[in-house]
Amino acid sequence: MHDFNRRNFLKVAGISSAAALTGIGCAANGMRGAEKAHIVVVGGGSGGATTAKYIKQFSPDMRVTLIEPNATYYTCYGSNWVIGGFAGMDDIAQGYDTLRDEYGIEIIEDRVTAVDADARSVRLSGGDRVSYDKLVMSPGIDFRYDDMPGISESDAERIPHAWKAGSQTELLRSQLQDMPNGGVFVMVAPPNPFRCPPGPYERVSLVANYFKQEKPRSKIIILDPKDGFSKQGLFEEGWAEHYGDMIEWRAGSSGGRAEEIDVSNMTVLADSGFERVRADVLNFIPAQRAGQIAHDVGLTNDAGWVPVDQLTFKSEMDDNIYVLGDASVAGAMPKSGHSANNQGKIVAAAIVRELAGQEPINPSSANTCYSLVTPDYAVSVAAVYQYQDGAMAGVSGAGGVSPSGASTSFRRREAEYTRAWYNGITHDIWG
Ligand SMILES: Cc1cc2nc3c(=O)[nH]c(=O)nc-3n(C[C@H](O)[C@H](O)[C@H](O)COP(=O)(O)OP(=O)(O)OC[C@H]3O[C@@H](n4cnc5c(N)ncnc54)[C@H](O)[C@@H]3O)c2cc1C
């Protein structure tokens, strides 16, 4: 791991994105005939909304339609703050007014149920069809409940995943509020790859912060199929400093692997069947795969994700469909909102350039993941990526992680950067 080196990170990310934008500007200026092309974007989350907005920025006369079933999008980023009780749902709510009114993007509030790739049209849940010249899909994730015996998707009302923000976030929060002091919160963490690698560990941190204030006799157990996790040393340092032994993390090879969930008794069978772990509140985060529509359209591989040409995020299965964000296979880039946002700009540039008859550019992209350990104590990881030898690869020497043993004021500053990052990225996507 590299030391956190913000100057290097900014140098690499900044130079490359400026170069990319210059190239895109030329493309848009040089493009006339394709200006009337119709781009349809499925999914108004981090990846889809970014793509729609940046196509309009690069080529304002191009027609862009964004199809999303929900009028309000709740960001998963910040949802752990709600679960921890120091932010409200309004703080993580985003809408589509600016994209519609200021960028001229047509918003259709509906779900895409099918794609006819030959006819180049999508079907909506009501039966209407929308034609496209290029289709962009950023449908996020769905869950593999089949991988865990004893539990199914219909149990999510009793045992929330809270891994898609919205009513699930509120449900987990209210269960924690109802839990008695001295209760046990059990999280079953997902196997790789999954959305937001540090997310489960930020969540338990902020639940511990709530327990420390309101229910200090309570306990947290993480049953993890993995033997390590993102920013592990930094999280464990923060847990020891703030929460003593309240949080117990069990690695996959040390009894952490959940084998079965008994929903009615709220127990998890773990440690190869040798232990039944009883929960007062159980947060089962299932294994994941690309959003269902990507499977329905036939874009996924055997592992359940969408292989793409990582230079442009064009699907390997169809020349007119681009897939980005969590659903895609994106080399070393983690499944994060920051990655999806960066990929949205790559896709927007690739489409505008392709329609102008130009070759794709090879921009750098970046990811930063901030995690709060308390509301005033954060740790982060940052990396820069570039397309090399057919895949998005980390640029060596760029990025890094927060140092261990940092001062209270350093951690506090990172907590301020966390909130600034939230405001910045949501403005870049929906603002
Ligand atoms: C607890 C938690 C904390 C996180 N914290 C961070 C963080 O701090 N930083 C960070 O960078 N990332 C974070 N993430 C990850 C981030 O939320 C995701 O990686 C990101 O949202 C992925 O963007 P996406 O566009 O692929 O999917 P989403 O943002 O999930 O968007 C998918 C959209 O597609 C829509 N959709 C799906 N199917 C259809 C269909 N058939 N028709 C029409 N629309 C459809 C959905 O309604 C949804 O709005 C966190 C995630 C979690 C769970």
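# Salt bridges, ligand shell and Gln310

Asp133 has a relative accessible area of 28% and is therefore partly exposed. This assignment, like every value below, comes from a predicted model. The briefing covers selected salt bridges, of which the structure holds 16 in total, then the shell of 34 residues around the ligand, and finally the contacts of Gln310, a residue in the loop between strands S19 and S20.

**The Arg120–Asp133 salt bridge**

- Asp133 pairs with Arg120 through their side chains, in a salt bridge with an N to O distance of 3.5 Å.
- This pair joins distant parts of the chain, 13 residues apart: Arg120 is in the loop between strand S6 (112-116) and strand S7 (121-124), while Asp133 is in the loop between strand S8 (129-131) and strand S9 (134-137).
- Arg120, like its partner, falls in the partly exposed class, here with a relative accessibility of 32%.

**The Arg63–Glu106 salt bridge**

- Arg63 and Glu106 form a salt bridge in which the closest N and O atoms are 2.8 Å apart.
- Because Arg63 belongs to strand S2 (residues 63-67) and Glu106 to strand S5 (residues 106-108), the pair ties together parts of the chain that are 43 residues apart in sequence.
- Both partners are partly exposed: the relative accessibility of Arg63 is 39%, and the relative accessible area of Glu106 is 34%.

**Lys134, Glu354 and their network**

- A salt bridge connects Lys134 to Glu354, with 2.8 Å between the closest N and O atoms.
- The two residues are 220 positions apart and link distant parts of the chain, since Lys134 lies in strand S9 and Glu354 in helix H9 (residues 337-355).
- The partners fall in separate accessibility classes: Lys134 has a relative accessibility of 5%, below the 20% cut-off, and so counts as buried, whereas Glu354, at 28%, counts as partly exposed.
- Lys134 and Glu354 also belong to a network of salt bridges that includes Lys314 and Asp319.

**Ligand contacts and burial**

- Glu68, Tyr73, Ser138, Arg195 and Asp326 come nearest among the 34 residues around the ligand.
- An N or O atom in the side chain of Arg195 is 2.6 Å from an oxygen atom of the ligand.
- Ser46 places a polar side-chain atom 3.0 Å from a ligand oxygen atom.
- Gly337 contributes through its backbone, where a polar atom lies 2.9 Å from a nitrogen atom of the ligand.
- The ligand taken alone exposes 1000 Å², and the protein buries 94% of that area.

**Make-up of the ligand shell**

- Helix H2 (46-58), helix H3 (79-83) and helix H9 are the elements that each give two or more residues to the shell.
- Helix H9 gives the most to the shell, with three residues.
- Sorted by class, the shell has 14 nonpolar, 13 polar and seven charged residues.
- Domain 1 (6-142 + 288-430) and domain 2 (145-284) both supply shell residues, so the ligand lies between them.

**Gln310**

- Gln310 is located in the loop between strand S19 (306-309) and strand S20 (314-315).
- With a relative accessibility of 7%, Gln310 is under the 20% cut-off and therefore counts as buried.
- The side chain of Gln310 has a polar atom 3.3 Å from the backbone oxygen of Val329.
- The Gln310 side chain also reaches the backbone nitrogen of Gly331, at 3.1 Å.

Notes: Residues are numbered from 1 along each chain as its sequence is written. This is a predicted model: local features need pLDDT of at least 70, side-chain atom pairs count only at pLDDT 80 or more; totals for chains, interfaces and linings use all residues. Side-chain values use heavy atoms; hydrogens and water are left out. A salt bridge is a side-chain nitrogen of Lys or Arg within 4 Å of a carboxyl oxygen of Asp or Glu. Helices (H or I, at least four residues) and strands (E, at least two) are DSSP runs, numbered from the N terminus. Buried means under 20% relative accessible area, exposed over 50%, partly exposed in between (1.4 Å probe, protein chains only). A residue is near a molecule or strand if one of its heavy atoms lies within 4 Å of it. A polar contact is a pair of N or O atoms within 3.5 Å; within protein, one must be able to donate a hydrogen and the other to accept it, and residues adjacent in sequence count only if both atoms are side-chain atoms. Accessible areas come from the Shrake-Rupley method with a 1.4 Å probe; for residues, only the protein chains shown count as cover. Ala, Val, Leu, Ile, Met, Phe, Trp, Tyr, Cys and Pro count as nonpolar, Asp, Glu, Lys and Arg as charged, and the others, Gly among them, as polar. Domain bounds come from an automatic or database domain assignment.
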